[in-house]
Number of protein chains: 2
Amino acid sequence: MNEDLYLRNPEETELGRRILKHSVELIYKLGFEDFTFKKLAQVIGSTEAGIYRYFENKHKLLIYITAWYFGWIGFQISYQTNNIEEPKVKLQKIINLLSSPIEDDKQTSYIDESLLHPVIVAEGSKAYLTKQVSANNKLNFFQPYKDLCSLIGNVILEYNSNYKFPKSLASTIIEVAHFQNFFMHNLSSLTDFTRKGKETEIVEFLNDLVFSCIDRN
Amino acid sequence: MNEDLYLRNPEETELGRRILKHSVELIYKLGFEDFTFKKLAQVIGSTEAGIYRYFENKHKLLIYITAWYFGWIGFQISYQTNNIEEPKVKLQKIINLLSSPIEDDKQTSYIDESLLHPVIVAEGSKAYLTKQVSANNKLNFFQPYKDLCSLIGNVILEYNSNYKFPKSLASTIIEVAHFQNFFMHNLSSLTDFTRKGKETEIVEFLNDLVFSCIDRN
DNA sequence: TTTTTATGATAGTAATGCTATTATTTAAAA
DNA sequence: TTTTAAATAATAGCATTACTATCATAAAAA
């Protein structure tokens with residue numbers, strides 16, 4: 001994790017891990033706007049000032065959580081596509097992992113990925129939709145997102161080296177997987193997905209979308 | 001415009017129109033997070049309390065502006081595709097209008113669309129990415145977005161009545177047009193667009209994406 | 001002309017987003 | 001084992017934000 005995202009490394013201490021765990025839970029419960037360090041402090045039985053020793057402000061914490069998610073999902077993707085030869089199968093696996101609600105990864109005791117996924121879907125883009133985006137980008141806060149995008153872009157080129165927009169298609173896969181999920185649950189008339197929680201329909205849509213354009217060129 | 005979005009209709013009074021005009025300018029300048037009614041009041045030479053007579057809070061104002069944008073762009077699309085027969089040409093026109101920075105529409109003196117477009121690109125999704133999305137949706141705050149989505153979905157079906165995901169593809173066109181624009185300007189390594197401000201590259205990408213999948217099915 | 005309506009001016013309050021200080025506990029170094 | 005440093009808890013405080021309320025005045029309708 002990028003050291004400029006925190007003041008004290010939250011993964012190294014008990015309190016730090018409690019901050020991570022419960023901030024995901026509390027953002028899930030309240031939404032990022034109503035989430036405050038004071039409320040978080042109450043939940044974990046610490047103090048506001050205590051949390052400020054780890055994170056400069058709640059926006060940095062959101063960026064940290066988002067970066068953590070993209071790092072983690074990037075690892076999952078690398079790991080699960082590692083021994084796959086066919087780029088087509090790789091891409092399908094990627095679409096699946098990005099679209100489907102995730103089971104808790106037992107490896108990381110301090111973050112519940114099944115809550116992290118909806119948090120990223122609803123709040124993740126707020127990490128970069130700010131006036132500070134360029135400054136934050138210079139500090140490499142979005143590196144895990146960029147790495148994932150690059151990884152997916154390379155699989156796309158493996159499949160079809162003539163395709164002209166591998167990176168844009170990669171970021172489109174990530175974003176579409178997330179906001180179609182949000183729309184399905186909250187603004188369903190913006191989608192064709194009939195049943196809430198049926199993420200397989202998003203997978204079907206994305207597979208059709210992606211392979212249509214990279215099969216053709 | 002949905003009457004539940006405001007306390008007093010801002011389009012009907014001079015002060016109201018000043019609120020709209022300068023809120024777009026100030027959100028463009030400061031970003032939505034740093035935008036406050038107090039700052040806006042200073043800019044327009046009124047008071048905080050004066051603005052609260054028009055809008056309950058700044059989030060309602062953002063929803064209003066977003067709804068206004070989608071209403072306006074929906075009208076532009078209807079108007080400019082009105083006499084076009086070919087659904088293919090219609091869709092291309094739609095992609096163009098959604099992707100390109102917009103010249104100020106002289107018809108609407110109180111809103112500068114050339115500023116509104118980047119504001120929607122950067123801030124628009126915050127209008128619905130909240131815990132109140134379902135409650136707000138019940139009050140039809142997002143109707144103009146839904147109407148636009150439905151309009152585009154119908155053009156897609158005109159082109160190919162067998163395509164399975166017209167609404168999801170429609171919302172994808174809208175969202176992709178906006179966030180690829182944001183990425184191009186702020187996180188360019190997430191795209192393949194080499195030159196900032198070259199929205200024609202986004203148009204090319206989207207045309208390829210859209211027609212690939214609806215040509216095939 | 002009266003009366004409603006919109007605006008301006010001012011005050012005030014609870015919550016938020018911090019910073020600072022000191023005391024206490026915990027853990028590592030000597 | 002003692003010393004000392006580091007981490008945490010407890011508390012206070014402050015500027016700003018996000019509102020609400022009140023009252024005076026100006027302009028427009030009745």
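Which helix gives the largest share of the surface near DNA strand C? In this predicted model, that turns out to be helix H3 of chain A, residues 48-52, which puts 3 residues into the surface.

Looking at the surroundings as a whole, DNA strand C has 15 residues around it. The closest come from both protein chains: Tyr52(A) and Asn57(A) on one side of the list, and Ser46(B), Arg53(B) and Tyr54(B) on the other. Sort the residues of this surface by character and they come out as 6 charged, 5 nonpolar and 4 polar. As for what the protein meets on the strand, sugar and phosphate make up 56% of the atoms of DNA strand C that come within 4 Å of the protein.

A few polar contacts fill in the picture. From chain B, Tyr54(B) has a side-chain N or O atom 2.6 Å from a phosphate oxygen of DNA strand C, and a polar side-chain atom of Ser46(B) sits 2.7 Å from a phosphate oxygen of the strand. From chain A, Glu48(A) goes to a base instead: one of its polar side-chain atoms is 3.1 Å from a base nitrogen of DNA strand C.

Then there is the way the two protein chains are arranged. Turning chain A by 180°, with 0.0 Å of shift along the axis, lays it on chain B with an RMSD of 0.0 Å; that is how a two-fold axis relates two copies. Within chain A, Ser212(A) has the C-alpha nearest the axis, at 2.6 Å. Both copies use the same surface, with 100% of the contact residues of chain A recurring in chain B.

Definitions and conventions: Residues numbered from 1 in each chain as written. Chains lettered and ligands numbered in written order. Predicted model: local features only at pLDDT ≥ 70, side-chain atom pairs only at ≥ 80, totals over all residues. Heavy atoms only, no water. Near = heavy atom within 4 Å. Polar contact = N/O pair within 3.5 Å; in protein donor to acceptor, adjacent residues only side chain to side chain. Helix = DSSP H or I, 4+ residues; strand = E, 2+ residues; numbered from the N terminus. Nonpolar A, V, L, I, M, F, W, Y, C, P; charged D, E, K, R; others polar. Least-squares fit on C-alpha atoms with pLDDT ≥ 70 in both. Contact = heavy atoms within 4.5 Å.
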